[in-house]
Amino acid sequence: MDFTPTEEQAAARDLAARIFGDLSTHERLTAAGTGSDAELWKALCEAGLPAAVEDIGLLGLVLLLEEQGRTTAQVPFAASCVYGLLAVSAHGSAEQRERLLPAIGDGTVVVTGALPEAAVRVGGSGELSGVVPVVPWLRDATHVLVADDEHGMWLVRTVDARCEPVELTAPWSAGRLTLDATPGEPLGGSLGERQGGPEAAAAGQEAYDDVLATARTAFAGLQAGVCAGSVARAVDYTNTREQFGRPLATKQGVQLRAADAYMDTEAIRVTAYEAAWRRDEGLDYATHALTAAWWASEAGHRVVHAGQHLHGGMGADLDHPVHRHFLWGRQLDAYLGCGSEVLQELGALIVDGEGDA
């Protein structure tokens, strides 16, 4: 394994760090409220960062999402790259790739995902019916990648569905998706191919598993950035805040708490890197993606709590930026699935003999 970024990955990461650092400021985040930052999204797309993911792979995307997480930047970068660019690139038909990838890359098409929900039914003519209570970034999206109750995947235009705003603890422009005989486009082929028997069903399940594992890996990378930003803010605060004439950082209890948070953050980062590297190399990575998701959920919970606690009373002040890391960390924890659920799925995969070699 070699997680050293390529020249292209490093250049994209550095560019992302500069754009996020310049535009995702505390003042701009406060002004944006719970919505996304359209100017920041435009800057990212004009810089070619979403489009670059097709070339720099999932590991490159994880590096970019770390930079987003450090600043809790309010843009649909993770969703559109995972459920749009990477999903269509890997599993879309030639026509879908030609039509959608350039538009996703330049930001005119934004895709989010209704995975791993399985409450959507498919009619005989390919119409979809069902309700997905919460879809992150739905209010920003032009398309939604929807999984049906048999794990087939469909691209649905948001203008054809009913999308109602839903507020989360983290500002992800979420919404409730209601499908009522809504037209859908099968990812990767025609409706006839989708209904083509066991072989088609197996191919659909494989695509679903890959997209879900990709999403878990990418959002674990986003959590690594959220946690790194929380730790960095805690270090800065405890080094400048004095108590009884000494910085808080000189106290052993504070040092130990910060050290534990740092090690947890590194565990999230390295497991996300490993899963992403394996996918880029064409290796099995299902258990590695679940491992990354488990660390991101369990350790991420601990880190953002530590970051808030190390700020003392300031950690509960909504005017202080550290609270965003807490809200993002807890929302990502819930989105990835609680640690015990992820661990149960990982154990079942290993027992069934389907774990990675």
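Helix α4 spans residues 49–71 and holds both E67 and R70. In this predicted model, the two residues lie 3 residues apart, about one turn of the helix. Their side chains form a salt bridge, with the closest N and O atoms 3.4 Å apart. The two partners differ in exposure. E67 is buried, because its relative accessibility of 12% falls under the 20% cut-off. R70 has a relative accessible area of 33% and is partly exposed. This pair also belongs to a wider arrangement. Salt bridges that share partners join E66, E67, R70, E266 and R269 into one network.

The structure holds 16 salt bridges. One of them pairs R28 with E39. Here the closest N and O atoms are 3.5 Å apart. This contact links distant parts of the chain. R28 sits in helix α2, residues 26–32. E39 sits in helix α3, residues 38–46. The two residues are 11 residues apart. R28 is partly exposed, with a relative accessible area of 25%.

A further salt bridge joins the side chains of E167 and R139, at 3.6 Å from N to O. It too links distant parts of the chain, with the two positions 28 residues apart in numbering. Both ends are in loops: E167 lies between β6 and β7, and R139 lies between β3 (127–135) and β4 (143–147). E167 has a relative accessible area of 49% and counts as partly exposed, because exposed requires a value over 50%. R139 is likewise partly exposed, at 36% relative accessibility.

The loop that carries E167 connects two strands, β6 and β7, and both belong to an open sheet. The sheet is formed by 4 strands. Their order is β2-β3-β7-β6, and the pairing is antiparallel. β2 (121–122) and β6 (162–165) stand at the edges. Each has a single partner strand, so one side of each is left without a neighbour in the sheet. In general, strands of a sheet pair through backbone hydrogen bonds.

At one edge, β6 pairs with β7, which covers residues 175–183. The two strands run in the antiparallel sense and are paired over 4 bridges. Within this pairing, E164 has R176 of β7 as its bridge partner. The sheet and the salt bridges thus meet in one region of the chain: β6 and β7 pair directly, and the loop between them supplies E167 for the contact with R139.

Definitions and conventions
Residues numbered from 1 in each chain as written. Predicted model: local features only at pLDDT ≥ 70, side-chain atom pairs only at ≥ 80, totals over all residues. Heavy atoms only, no water. Pairing = 2+ DSSP bridges. Salt bridge = Lys/Arg side-chain N within 4 Å of Asp/Glu carboxyl O. Buried < 20%, exposed > 50% of the residue type's maximum accessible area, 1.4 Å probe, protein only.
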